[in-house]
Amino acid sequence: MTEAPFALCVGIGTYRGGGGAGIQPLCRDEAGAWRLGAPYADAPNASFSIYAPGRRLHYIVNEAEAGSVGVHRYADQRWERLALFAVDGAAPCHIALDPTETLLAVANYGSGSVTLLRLEPQSGLPTGTVQVSANQGSGPNPARQEAPHAHWVGFSPDGRWLYQTDLGTDEILGFPIAAEGTLHAPQRAYRAAPGSGPRHLLLHPRLDQRAYLIGELDNTLSVLDRSDGSFTHRATLSTLPNGWHGDSIVAHLAINRAGDRLYVSNRGHDSIAVFALDDAGVPTLLGHTATGGASPRHFLLLDDAGLVIVAHEKAQTVTTLTIDADGLLHPTGMSVAVPGAAYVVLPDPTDRQTAR
């Protein structure tokens with residue numbers, strides 16, 4: 001007898017330009033049926049977020065021309081917005097918290113800048129002066145690299161450095177962080193291949209010096225070594241199958257909890273590439289799985305549920321894939337239409353409803 005799936009709820013962040021109305025609840029009941037709920041309208045253009053476990057708060061970007069970030073709480077299956085604040089940047093697309101949950105960093109794609117805000121320790125709300133650092137430069141791709149485009153931010157595990165990828169200038173910047181939370185002038189931490197368009201960086205959860213960088217424009221996964229404010233190149237692999245030709249760009253990457261499988265989504269090839277990671281964090285391509293929709297912009301890896309939930313920006317659908325014991329993925333055939341679909345968030349990461 002096959003065991004029925006347990007209940008599970010996620011939120012689908014949506015773009016207003018695609019017809020989205022905020023965060024769209026998507027829940028699976030115990031019989032395995034997926035259903036959409038009423039949208040949460042106080043989080044428009046929710047293309048990325050970060051969760052603060054110490055306060056059980058979500059910080060969610062509003063990727064608009066006049067960018068902002070909302071502070072939200074999820075409790076009793078309901079969202080509530082506690083605050084909304086400007087980031088003094090255009091089109092914020094990524095966000096990060098330092099290890100103490102007292103500093104919040106935002107990557108502003110449109111203005112090519114990084115915003116750093118201090119958070120009040122008790123409430124988690126912004127306090128003090130907003131710090132902004134804008135990059136300069138361009139890249140060889142005139143359509144996508146005419147100016148700086150900050151696309152990702154993240155702190156070092158010790159909180160002493162803030163890193164930023166810039167798709168427009170083909171580089172990673174490193175900002176020293178002073179003890180009082182001051183953002184110092186950046187240094188170039190890594191020069192990526194010209195025209196590669198660095199999108200997201202990911203630090204290995206167990207191997208402190210290992211990092212992975214995806215090039216949006218050249219469909220690559222680069223293996224880097226990290227040493228405080230600098231990165232050294234080790235290897236570069238394609239995220240596409242050998243011999244495949246067509247227009248494609250990468251979108252998102254994630255590592256499983258065990259730290260032995262890495263996943264990258266391809267928009268155009270419309271797949272997720274699966275890489276095995278050895279004990280040193282060196283990747284080997286295992287294969288590709290079709291995601292079941294056009295342009296898989298973001299996916300949420302749920303180890304406990306054995307699922308990957310994928311948001312497709314062009315298809316405006318959400319699909320699911322199962323995770324096998326070897327880390328490979330398989331489509332389930334489930335597809336739900338979600339206007340403006342861009343991002344998948346787990347509303348309550350501490351809820352054991354996702355545990356097997």
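pLDDT is the predictor's confidence in each residue, from 0 to 100.

**View 1. Confidence along the chain of this predicted model.** The mean pLDDT of the protein chain is 95, and 97% of its residues reach 70 or more. Residues 352-356 form a stretch in which pLDDT stays under 50. For these residues the model has 16 contacts beyond four places in sequence. Where pLDDT is low, the predicted coordinates should not be read in detail.

**View 2. The open sheet made of strands 4, 5, 6 and 7.** This sheet has 4 strands in the order 4-5-6-7, and their pairing is antiparallel. Strand 4 (49-52) and strand 7 (78-86) stand at the edges. Each of these two has a single partner strand, so one side of each is left without a neighbour in the sheet. On average, neighbouring strands of this sheet are turned by 25 degrees against each other, direction ignored.

**View 3. The pairing of strand 6 with strand 7.** Strand 6 covers residues 68-75 and pairs with strand 7 in the antiparallel sense. The pairing extends over 8 bridges. Within this pairing, arginine 73 has glutamate 80, in strand 7, as its bridge partner.

**View 4. The open sheet made of strands 12, 13, 14 and 15.** Here 4 strands follow the order 12-13-14-15, with antiparallel pairing. Strand 12 and strand 15 (187-191) are the edge strands, and each pairs on one side only. The average turn between neighbouring strands of this sheet is 25 degrees, direction ignored. Strand 14 (residues 171-176) runs antiparallel to strand 15, and 4 bridges join the two. Opposite glutamate 171 stands arginine 191, which belongs to strand 15.

**View 5. The largest pocket and its lining.** About 1700 Å³ of space lies in the largest pocket. Its lining consists of 48 residues, of which Phe48, Ile50, Tyr51, Leu202 and Leu300 lie nearest the centre of the pocket. Two or more lining residues come from each of strand 4, strand 8 (92-97), strand 12 (150-155), strand 16, strand 20, strand 24 and strand 28 (341-345). Strand 24 gives the largest share of the lining, with 5 residues. By residue class, the lining divides into 30 nonpolar, 12 polar and 6 charged residues.

**View 6. The largest cavity and its lining.** A search of the whole structure finds 1 cavity of 30 Å³ or more. The largest cavity holds about 50 Å³ of space. The residues that line this cavity are Ser47, Phe48, Cys93, His151, Arg199, His200, Ala251, His252, Arg297 and His298. The elements that give two or more residues to this lining are strand 16 (198-203), strand 20 (249-255) and strand 24 (296-302). The lining of the largest cavity divides into 3 nonpolar, 5 polar and 2 charged residues. Phe48 is named among the residues lining this cavity, and Phe48 is also one of the residues that lie nearest the centre of the largest pocket.

Definitions and conventions
Residues numbered from 1 in each chain as written. Predicted model: local features only at pLDDT ≥ 70, side-chain atom pairs only at ≥ 80, totals over all residues. Heavy atoms only, no water. 1 Å grid on protein atoms, 1.4 Å probe; cavity = no way out; pocket = protein on both sides within 12 Å on 5 of 7 lines; lining within 4 Å. Points joined across faces, edges and corners; volume = space filled by probe spheres on them. Nonpolar A, V, L, I, M, F, W, Y, C, P; charged D, E, K, R; others polar. Contact = heavy atoms within 4.5 Å. Pairing = 2+ DSSP bridges. Axes fitted to C-alpha atoms, helices over the stretch in contact; angles between N-to-C directions.
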